[in-house]
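Q: I have a model open and want to learn to read it. Can we go through the surface, the core and the pockets in turn?

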Amino acid sequence: MKTNKTLLSLAVACGLVTTSTSIHAAGFQLAEYSATGLGRAYAGEAAMADNASAQWRNPAMLTHLEGTQISVGAIYVDPNIDVNGTVVGSKSASPLLPTSNASSSDFAHDAVIPNLYISHRYNDKVAVGFALGTNYGMETSLGNDFAASHFGNEASVMTMEANLNLAYQLNEQWSVGGGVRYVMGEGSFGAKTPQYNVLSAAKGTTLKYMEGDDTAFGWQVGTAWQINEDNRVGFAYKSAVKLNLEGYATGLGFNPALANARDSGSMKLELPATAELASFHQLNDKWAIHASVNWTDWSSFEKLEAELNTYGTKMVKEENWEDNYRFALGATYQLDSKLALRTGIAYDTSAVSDKNRTITIPETDRTWLSVGASYEVSEQFTLDGGITYILAKDAPIKESRGYASDDAAQKVAGEFVGEVSGSIWLIGIQANYTF
């Protein structure tokens, strides 16, 4: 199990490459695949062909790129996520549990998301590409002093993904493409006793901790319709990727015998399927607009269970998420022959209802506001930059949510009632070279 969780992370149990929290995309999904698209809030991506990064969202767009291209970049993520609430102790518990403040500020870490793309136009019909990046990732760490740590005080998942893509131009209007995805993932989840608990255990005693890793394959397909010289529509689909995270578990919440011991085991985690419908429209020699609608099959994320080799099946967390949608609209303005300006706005719907929101994955609706630019240093070399501010909608959290695993945690140290709020800055750079 790798330990560098500041580079790429997500939440396995309560929740995979580089990022810090889930508010910049739905659930633990990452949108940040390039600084080029960042400047337009990733509007119209499945129909865009700026550089070699286009294959990440739609492999069919490889046929719209000339020569051999390489694109490399990174996006810096600066989140500010706060949770504030109270833990209401039980008056019938022994010892008595008082009502206490449960707050954690800025509990998501800064991160850097790197990427690398290479494309090659083999002939007038065939193009190939290679990509390195991530589609999923998240990390939360609320610390041992968080008074609701019995519901979870840390969660992470980390993935790296490599794609091999092939595209074919059927005729002047239609192109198709597909690719194989190789995903490397790891994740962890932890819950500990707060200061006040019925177990009379020391603060920070491990109730549940599990970590594991796995690799798996997926696939993606896409198509592009060049309606005419100025208008294009693209559609892309990525398959689900099923990981079986193998590692170990510890903690008296799994079994009293594991209070100071470990049991090997595994936990299934499905990275959901996604789809995108996008369009690009060149209005005149200066202005272009682009738009997209994205869907993610988050309803496949129902629960997380640990399959322990000695102690059997143990529920880690009920999730019961729901499908989410993303709507984005962007524009590009060609200021002169060398400088292009971008802007965009997007809205991500939450992948959870108010009932199913948890402290460790404080999922909520998000609004994106983006600006960016491209500068042509030479005919072969361009530099891209983008900045995005994401505002997360304030949202309530209540645990226990009525599930058995939550109820068991509530009996240890009381009920949590509170609210999550936050925002995030994204800053990206991209260098593109055509041979």
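Q: Which residues form a nonpolar patch on the surface?
A: A word first: this is a predicted model. In general, nonpolar side chains in soluble globular proteins tend to be buried together. Here Y76, V112, V371, I387, W425 and I427 form a nonpolar patch on the surface. Together they have about 510 Å² of accessible area.

Q: Why does I427 count as partly exposed?
A: Partly exposed covers the range between the buried cut-off, under 20% relative accessible area, and the exposed one, over 50%. I427 counts as partly exposed because its relative accessibility is 42%. Look for I427 in strand β20, residues 415-434.

Q: Now the inside. Which residues touch the most other members of the largest nonpolar core?
A: F28, L269, L271 and W321 do, in a core of 32 residues. At least two residues of this core come from each of β6 (154-169), β7 (174-192), β8 (206-228), β10 (241-250), β11 (263-271), β14 (303-308) and α3 (404-413). β10 gives the most, with 4 residues. Another core, of 19 residues, lies apart from this one. Among its members are A41, I75, I113 and A346.

Q: What is the volume of the largest pocket?
A: About 840 Å³.

Q: Which lining residues are the closest to the centre of the largest pocket?
A: A49, D50, N51, Q334 and R342, out of 34 that line the largest pocket.

Q: Which elements give two or more residues to that lining?
A: β12 (274-282), β13 (287-296), β16 (324-334), β17 (339-348), β18 (366-376), β19 (381-399) and β20. You have met β20 already: I427 sits there.

Technical notes:
Residues numbered from 1 in each chain as written. Predicted model: local features only at pLDDT ≥ 70, side-chain atom pairs only at ≥ 80, totals over all residues. Heavy atoms only, no water. Patch = residues over 30% accessible without salt bridge, like charges linked within 9 Å, V, L, I, M, F, W, Y side chains within 5 Å. Areas by Shrake-Rupley, 256 points an atom, 1.4 Å probe, with all protein chains shown as cover. Salt bridge = Lys/Arg side-chain N within 4 Å of Asp/Glu carboxyl O. Buried < 20%, exposed > 50% of the residue type's maximum accessible area, 1.4 Å probe, protein only. Core = buried A, V, L, I, M, F, W, Y, C linked by side-chain atoms within 4.5 Å. 1 Å grid on protein atoms, 1.4 Å probe; cavity = no way out; pocket = protein on both sides within 12 Å on 5 of 7 lines; lining within 4 Å. Points joined across faces, edges and corners; volume = space filled by probe spheres on them.
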